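Here is a quick walk through a model, for anyone who likes to see how the strands and the core fit together. Have a look at the fold first, then read on.

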Amino acid sequence: QVQLVESGGGLVQAGGSLRLSCAASGRIFSINFMGWYRQAPGKQRELVAGIASGGSTNYADSVKGRFTISRDNAKVYLQMNSLKPEDIAVYYCSANVAGGVSAFSAKDYWGQGTQVTVSS
């Protein structure tokens with residue numbers, strides 16, 4: 001019903017910046033939450049940043065002051081500044097989406113991921 005497509009990943013030098021984008025499409029009545037997760041090789045997937053329907057945001061301690069999450073309707077962005085080698089991971093977009101007026105219609109969706117690589 002809903003697809004999430006990420007873009008914007010790539011290879012940058014330490015200290016550089018990237019802007020990740022995620023577009024949700026399909027049957028969307030409302031979006032309760034959108035967020036970015038990442039999974040580094042050999043590590044668990046972790047929440048990087050999230051934004052609720054009311055606009056409140058939260059960040060992992062490791063990215064506070066460097067990353068900024070924002071949302072525009074069914075799109076969510078992650079501005080990543082001052083990138084470090086520790087940020088190397090596959091970044092996934094996630095959203096909790098309601099397909100209709102019923103509370104039972106809400107479901108979690110995930111994108112396929114986009115690779116972020118930081119050199120030096």
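## The open sheet

Four strands make an open sheet in the order E1-E3-E8-E7, with antiparallel pairing; strands here are DSSP runs of E of at least two residues, helices are runs of H or I of at least four, and both are numbered from the N terminus. Two strands count as paired if DSSP finds at least two bridges between them. E1 and E7 sit at the edges, each pairing on one side only. From one strand to the next the twist averages 15 degrees, with axes fitted as lines to C-alpha atoms (for helices, over the stretch in contact) and angles between N-to-C directions running from 0 to 180 degrees.

This is a predicted model, so to speak of a local feature takes a pLDDT of at least 70 and side-chain atom pairs count only at pLDDT 80 or more, while totals for chains, interfaces and linings use all residues. Residues are numbered from 1 along each chain as its sequence is written, and side-chain values use heavy atoms, leaving out hydrogens and water.

## Strand by strand

Start at the E1 edge: E1 and E3 run antiparallel and are joined by 6 bridges. Val 5 has Ala 23, in E3, as its bridge partner. Moving across, E3 pairs with E8, again antiparallel, over 6 bridges, and here Leu 18 is partnered by Met 80 in E8.

At the other edge, 6 bridges tie E7 to E8 in the antiparallel sense, with Arg 71 opposite Val 76 in E8. E7 and E8 form a hairpin with 2 residues between them, and Asn 73 in the turn has a positive phi of about 55 degrees. As a reminder, side chains in a regular strand alternate between the two faces of the sheet.

## The disulfide

How many disulfides does a search of the whole structure find? It finds 1, where a disulfide is a pair of cysteine sulfur atoms within 2.5 Å. Cys 22 is joined to Cys 93, S to S 2.1 Å. The pair links distant parts of the chain, since Cys 22 lies in strand E3 and Cys 93 in strand E9, 71 residues apart.

The torsion about the S-S bond of Cys 22 and Cys 93 is about -80 degrees, which makes this disulfide left-handed. Are the two cysteines buried or exposed? Cys 22 is buried at a relative accessible area of 1%, and Cys 93 is buried too, at 0%. (Buried means under 20% relative accessible area, exposed over 50%, and partly exposed in between, with a 1.4 Å probe and protein chains only.)

## The nonpolar core

The largest nonpolar core holds 30 residues, and Leu 4, Trp 36, Phe 67, Val 76, Leu 78, Met 80 and Tyr 91 have the most contacts inside it. Such a core is a set of buried Ala, Val, Leu, Ile, Met, Phe, Trp, Tyr and Cys residues joined through side-chain atoms within 4.5 Å. The elements giving two or more residues to this core include E1 (2–7), E3 (18–26), E8 (75–80) and E11 (114–119). E9 supplies the largest share, 5 residues.

Leu 4 touches both disulfide cysteines, Cys 22 and Cys 93, and its other contacts include Tyr 109 and Trp 110, not counting residues up to four places away in sequence; contact means heavy atoms within 4.5 Å. Leu 20, in strand E3, is buried at 0% relative accessibility. Leaving aside neighbours within four places in sequence, Leu 20 is in contact with residues including Trp 36, Val 76, Leu 78, Met 80 and Tyr 91.

## The whole chain

The chain has 0 helices and 11 strands. Of its 120 residues, 38% count as buried. Among contacts between residues at least 6 apart in sequence, 58% join residues at least 24 apart.

The C-alpha atoms fill a box of roughly 50 × 25 × 25 Å along the principal axes. The radius of gyration is 14 Å, which agrees with the value near 14 Å for a compact globule of 120 residues; this radius is taken over C-alpha atoms, and the globule rule is 2.2 Å times the number of residues to the power 0.38.
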